[in-house]
Protein chains: 2
Amino acid sequence: MVYKTGSFEGMKSLNQSTILNLIRLKGPISRAEIAKITKLTPPTVGGLVNELVEKNLIIEQEASKSNVGGRRPIMLSINSSAYFVVGVYAAAEVIRVVIATLDGKITFDYVQKITTLPTKNEFLAMVKESIHYVLTEHEVDKKYILGLGVAMHGLVNPDKGVAIFSPHLQLRDVPLKDELESEFNIPVMVENDVRALVIAENWFGQGQGVSDFLCLSVGRGVGSGIFINNEVYRSSFNTAGEIGHTIVDVNGPVCRCGNRGCLEACASETSILERTQEAIESGRETVLADWTNGDKSILSTELVFKAAKEGDQLASTILEDTGKSLGIATANMINILKPSRIILEGQIFEGEDNLVIDSLQQMVNQYILTNSSEDIKVVCSKLGKKGMVLGAVALIINKVFMPGGVN
Amino acid sequence: MVYKTGSFEGMKSLNQSTILNLIRLKGPISRAEIAKITKLTPPTVGGLVNELVEKNLIIEQEASKSNVGGRRPIMLSINSSAYFVVGVYAAAEVIRVVIATLDGKITFDYVQKITTLPTKNEFLAMVKESIHYVLTEHEVDKKYILGLGVAMHGLVNPDKGVAIFSPHLQLRDVPLKDELESEFNIPVMVENDVRALVIAENWFGQGQGVSDFLCLSVGRGVGSGIFINNEVYRSSFNTAGEIGHTIVDVNGPVCRCGNRGCLEACASETSILERTQEAIESGRETVLADWTNGDKSILSTELVFKAAKEGDQLASTILEDTGKSLGIATANMINILKPSRIILEGQIFEGEDNLVIDSLQQMVNQYILTNSSEDIKVVCSKLGKKGMVLGAVALIINKVFMPGGVN
DNA sequence: TAAGTTAATTAAACAATTTAAATAAAGAGT
DNA sequence: ACTCTTTATTTAAATTGTTTAATTAACTTA
């Protein structure tokens with residue numbers, strides 16, 4: 001156990017990061033205003049701000065005009081484009097590398113496809129190669145790169161920076177942090193993809209200014225990320241958020257984990273496709289039978305959505321059932337954690353008049369126990385496909401804005 | 001939003017509380033050892049320790065004998081009995097007031113029964129009267145009382161110290177903190193009973209040294225308390241932990257909240273009694289029919305347990321079903337939060353070879369998704385009936401040991 | 001009894017804050 | 001244009017609580 005102690009350095013770091021965050025959230029803002037809000041004294045604020053200006057992290061703007069009287073304040077803002085961050089998303093089929101500024105704007109974007117299952121070393125080589133490519137193309141002096149964030153699916157140990165187990169790539173114990181730090185000499189942080197997404201939502205998405213929210217991520221599987229008390233919750237095992245294996249129907253279908261009625265078995269993209277295929281094969285009437293015409297490789301969730309849009313009864317039922325399952329699990333999670341927002345992420349939540357979202361929302365409304373003062377909103381992520389890689393970026397930015405992040 | 005800043009006072013408070021906690025956890029311990037562990041310098045430790053000695057919060061013990069050589073260290077320990085804390089538990093049927101020392105030892109214990117539903121003012125008067133009685137009987141100078149903690153069932157706002165809604169007493173907006181502070185001139189903290197229990201488990205019970213654990217509390221209803229990242233989680237609505245209304249069986253019995261299959265409808269004491277009574281009335285064979293002989297007021301959970309012990313099939317089934325429901329809900333909560341411990345509290349978890357616990361444990365084993373390194377234990381609370389009132393006590397003690405708690 | 005060790009305290013230096021005062025730069029009134 | 005008032009920022013000195021370095025205390029061992 002580490003015992004947290006206070007020192008002059010710590011006190012200064014804390015104050016400086018508080019000021020930096022205040023400028024980010026309320027900027028442009030003057031030194032005097034910062035002093036008023038933080039209750040730090042003007043000389044303290046002045047000194048710390050001047051250091052930040054010297055580091056080029058903030059810029060002094062033209063004095064704002066015409067106050068009631070008195071000297072005009074010098075307005076301060078974050079100098080977003082002075083530094084850069086590298087974000088890497090290692091998914092099942094692609095490696096995506098981006099360069100972004102401190103406000104999360106992506107200035108360079110590169111996607112590399114993974115075609116065959118790589119060995120650990122092949123995978124590391126691919127990642128390094130992609131990053132090298134991006135760094136060469138973008139031409140930034142390394143001293144302006146504040147860090148390199150990696151978002152990776154599967155089980156990750158962020159303290160050690162190791163991808164413990166990645167089911168889709170079938171890799172174990174990939175020491176990403178060590179490998180990439182020695183290769184690029186830039187600070188590296190590694191995190192699970194859904195948890196990285198949570199940080200991205202908090203910085204750039206639907207989780208801005210929200211102290212407690214959940215991300216429900218549906219793809220091949222179903223996962224969730226937990227943001228409470230203004231930070232990501234991991235648990236001591238780094239495995240928190242396994243909503244995919246909570247039970248929504250004790251007598252439901254068998255899941256790949258062996259149990260019956262897991263959410264993932266009722267509501268993943270995989271489950272949607274399996275249930276659809278099964279129905280087609282059992283001869284149920286549906287336009288999807290004609291569309292796929294016996295070739296199940298054509299079947300996709302998009303197609304199921306399209307069928308439902310055109311009034312296909314089977315497709316509608318499958319999507320509604322999916323939404324119901326997700327809704328029950330989400331309601332359970334809401335009742336336990338009482339966050340103020342749920343953010344839905346994944347292809348199946350895209351598009352207008354979405355049957356899955358509608359029945360999910362309906363179940364949540366029905367099953368959560370609230371009193372009048374509780375306002376819990378279900379919304380869709382707006383980060384789209386860039387969510388995870390923005391999470392990798394946010395990982396570093398988050399660190400920069402924490403106490404000690406700019407020393 | 002409050003912006004957290006560092007100051008000299010804050011730095012000192014932090015170091016002093018770190019030292020105080022270290023003495024509590026590792027004491028008897030010397031100044032030199034504290035300096036080594038905390039990485040604070042000997043003069044810093046010396047100064048802060050001497051202040052604590054002056055305040056009588058810690059005591060210097062006889063120097064421990066014979067080291068390898070060199071001056072013998074002066075051992076420091078918490079002076080538990082120098083100060084006192086008042087704990088109040090306001091339940092459905094009783095008000096319990098205790099006085100305890102800093103190590104959680106109860107030195108005076110008083111229980112007042114609530115016989116009729118009181119009005120808000122009557123309730124406040126009863127509480128005040130009970131506390132007055134205890135303070136008079138115990139004869140402690142008020143300056144040695146560090147605070148007064150109140151654990152109350154229902155919805156509580158701990159920031160304002162108001163009991164927003166107490167279903168069993170049918171009271172709303174009881175301003176306990178304001179009323180008791182002006183009556184006794186002692187700092188008052190108010191908290192929900194289950195969350196107070198969580199703090200008690202962390203200080204004196206099965207949650208000692210555990211950073212993430214859950215308390216599952218079963219009585220008339222079913223509730224849970226969440227301890228994560230080394231603190232109680234409340235959510236911004238102060239209503240986190242409503243496991244009682246998570247769904248364990250979509251087609252289950254109707255709950256008082258209106259939905260079907262809530263845990264509380266399947267597994268509270270009330271539910272056990274209702275299901276038993278129903279079975280008796282429908283003429284099922286059971287010794288309970290003879291024992292109660294038509295008088296359902298005699299029926300109790302103890303009786304159901306006794307029947308099961310004697311081999312009664314109905315009683316066994318009811319208890320096992322109860323355990324199964326609790327197990328499914330607990331497994332769901334575990335999968336979401338991945339705590340390292342679950343603490344069971346309530347009368348139905350007492351006694352050896354407990355059928356409820358056995359089937360709960362079995363369900364948890366079956367349904368939680370773990371990898372080899374995850375060790376999640378289900379244990380029973382050992383605090384017994386004193387759990388909640390110890391929580392009220394722990395509320396204050398917890399504050400005393402936090403930075404700024406001893407200024 | 002001297003030498004070596006470890007613990008605790010004292011003295012001086014230092015870092016970063018606060019208070020108090022000074023300076024800078026505007027607008028308003030005359 | 002000049003002074004007065006007001007507000008923002010900076011400078012100077014005081015203060016707090018830390019750290020480093022040196023000192024004193026108290027014990028064990030040879």
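Q: What share of the contacts in chain A with a separation of 6 or more comes from residues 24 or more positions apart?
A: It's 62% of them. One thing to keep in mind as we go: this is a predicted model.

Q: How do you know whether the size of chain A agrees with a compact globule?
A: You set two values side by side. For 407 residues, the globule rule expects a radius of gyration near 22 Å. Chain A comes out at 24 Å, so the two agree. If you'd like the extent as well, the C-alpha trace spans about 80 × 55 × 45 Å along its principal axes.

Q: What makes a residue count as buried, and what part of chain A is buried?
A: The cut-off is 20 or more other C-beta atoms within 10 Å of the residue's own. In chain A, 46% of the 407 residues are buried. As for secondary structure, chain A has 13 helices and 16 strands.

Q: Why is E139(A) called buried or exposed?
A: Count its neighbours. E139(A) has 7 C-beta neighbours inside 10 Å, and exposed means 12 or fewer, so E139(A) counts as exposed. You'll find E139(A) in the loop between α4 (120-138) and β7 (145-152) of chain A. Its phi is positive, about 50°, even though E139(A) isn't a glycine.

Q: And how do you know which class D353(B) falls into, buried or exposed?
A: Run the count again. D353(B) has 8 C-beta neighbours inside 10 Å; with the limit for exposed at 12 or fewer, D353(B) is therefore exposed. D353(B) sits in the loop between β15 (341-345) and α12 (355-367) of chain B. Here too phi is positive in a residue other than glycine, with a value near 45°.

Q: What makes β9 and β10 of chain B a pair?
A: Pairing takes at least two bridges. β9 (residues 162-166) and β10 (residues 171-174) have 3, running in the antiparallel sense. Across the pair, S166(B) faces L171(B) in β10(B). The hairpin has 4 residues between the strands, and Q170(B) in this hairpin has a positive phi near 55°.

Q: How do you know how chain B is related to chain A?
A: Lay one on the other. A turn of 180° with a shift of 0.0 Å along the axis puts chain B on chain A with an RMSD of 0.1 Å. The copies are therefore related as by a two-fold rotation axis.

Q: Why can we say the copies meet through the same surface?
A: Because 100% of the interface residues of chain B are also interface residues in chain A. The contact uses 49 residues from chain A and 48 from chain B. On the chain B side, the elements giving two or more residues are α1 (8-26), α2, α11 (313-337) and α12. That side splits into 21 nonpolar, 20 polar and 7 charged residues.

Q: Which residues come nearest to DNA strand C?
A: Of the 30 residues around the strand, the nearest are F8(A), R71(A), R31(B), G70(B) and R71(B). By class, this surface has 11 nonpolar, 13 polar and 6 charged residues.

Q: What gives the most to the surface near DNA strand C?
A: That's α1(A), with 5 residues. Among the elements supplying at least two residues are also α3 (42-54) of chain A and α2 (31-38) of chain B.

Terms used:
Residues are numbered from 1 along each chain as its sequence is written. Chains are lettered from A and ligands numbered from 1 in the order in which they are written. This is a predicted model: local features need pLDDT of at least 70, side-chain atom pairs count only at pLDDT 80 or more; totals for chains, interfaces and linings use all residues. A residue is near a molecule or strand if its C-beta atom, placed from the backbone, lies within 6 Å of it. Ala, Val, Leu, Ile, Met, Phe, Trp, Tyr, Cys and Pro count as nonpolar, Asp, Glu, Lys and Arg as charged, and the others, Gly among them, as polar. The radius of gyration is taken over C-alpha atoms; the globule rule is 2.2 Å times the number of residues to the power 0.38. Two residues are in contact if their C-beta atoms, placed from the backbone, lie within 7 Å. Copies are superposed by least squares on the C-alpha atoms of residues with pLDDT of at least 70 in both.
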